[in-house]
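This report walks through one chain and the two ligands that accompany it, moving from a single residue outwards to the whole fold.

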Amino acid sequence: MYLIGNTADYSYQIYIEEENIMAYVISDDCVACGACAEQCPAEAISEGDGKYVIDPDKCLDCGACADTCPVGAPQPE
Ligand code: SF4
Ligand code: SF4
């Protein structure tokens, strides 16, 4: 589970796990700028081979990476 905030955040995180919301994925359009990784509240994004990648087990489906990305690479799976 992803306990990163107060009691209200904890309840929200349990809810999304039970609903099994899909993770975001980063397409090959990624230019490896790293901006999304700095914004991710779950620390789910890391540098991969030529682009950044999202750990689906950590992703909270919040969309912050998509809002930050200059090329629109993160998309809901
Ligand atoms: S959707 Fe949110 S939690 Fe998932 S990788 Fe993007 S910023 Fe992180
Ligand atoms: S913000 Fe976009 S281009 Fe930059 S590392 Fe993340 S996915 Fe790649």
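Does Cys59 count as buried or exposed? In this predicted model, Cys59 counts as buried because 23 C-beta neighbours lie inside 10 Å, where 20 or more are required. Cys59 belongs to the loop between β3 and α3, and, leaving out residues up to four places away in sequence, Cys59 touches Ala23, Tyr24, Ala42, Ala44 and Ile54. Its C-alpha atom is 8.3 Å from that of Met22, although the two residues are 37 apart in sequence.

**The chain as a whole**

The chain is built from three helices and four strands, which follow one another from the N terminus in the order α-β-α-β-β-α-β. Of its 77 residues, 18% count as buried. Among the contacts with a separation of 6 or more, 59% are made by residues 24 or more positions apart.

**The nonpolar core**

In soluble globular proteins, nonpolar side chains tend to be buried together. Here the largest nonpolar core comprises 13 residues, and those with the most contacts inside it are Cys36, Cys40, Ala44, Ile45, Ile54, Cys59 and Cys65. Two elements, β1 (24-26) and β3 (52-54), each give two or more residues to this core. Ile45 illustrates how such contacts are spread along the sequence: apart from its neighbours within four places, Ile45 is in contact with Cys36, Ala37, Cys40, Tyr52, Ile54 and Cys65.

**The two ligands**

Ligand 1 is surrounded by 16 residues, of which Cys40, Cys59, Cys62, Ala64 and Cys65 are the closest; this shell divides into 13 nonpolar residues, two polar and one charged. Around ligand 2 there are 15 residues, with Cys30, Cys33, Cys36, Cys69 and Ala73 coming nearest, and the shell consists of 12 nonpolar residues, two polar and one charged. Cys59, the buried residue considered at the start, is thus listed both among the closest residues to ligand 1 and among those with the most contacts inside the core.

**Loop residues outside the buried class**

Cys62, another of the residues closest to ligand 1, is also placed in the loop between β3 and α3, but Cys62 is partly exposed because 16 other C-beta atoms lie within 10 Å. The C-alpha atoms of Cys62 and Pro76 are 9.8 Å apart, with their positions 14 residues apart along the chain. Asp55 lies in the loop between β3 and α3 (64-68) as well, and its 13 other C-beta atoms within 10 Å make Asp55 partly exposed. Its C-alpha atom is separated by 9.6 Å from that of Ala42, 13 residues away along the chain.

Most residues other than glycine have a negative phi, and most peptide bonds are trans. Against that background, two loop residues are set out below.

| Residue | Phi | Loop | C-beta neighbours inside 10 Å |
|---|---|---|---|
| Ala32 | near 60 degrees | between β1 and α2 (35-39) | 14 |
| Glu43 | about 50 degrees | between α2 and β2 (45-47) | 11 |

Why does Ala32 count as partly exposed? Ala32 has 14 C-beta neighbours inside 10 Å, so it falls between the limit of 12 or fewer for exposed residues and that of 20 or more for buried ones. Glu43, by contrast, is exposed because it has 11 other C-beta atoms within 10 Å. Phi is positive in Ala32 and in Glu43, and neither residue is a glycine.

Conventions:
Residues numbered from 1 in each chain as written. Chains lettered and ligands numbered in written order. Predicted model: local features only at pLDDT ≥ 70, side-chain atom pairs only at ≥ 80, totals over all residues. Near = placed C-beta within 6 Å. Nonpolar A, V, L, I, M, F, W, Y, C, P; charged D, E, K, R; others polar. Core = buried A, V, L, I, M, F, W, Y, C linked by C-beta atoms within 7 Å. Contact = placed C-beta atoms within 7 Å.
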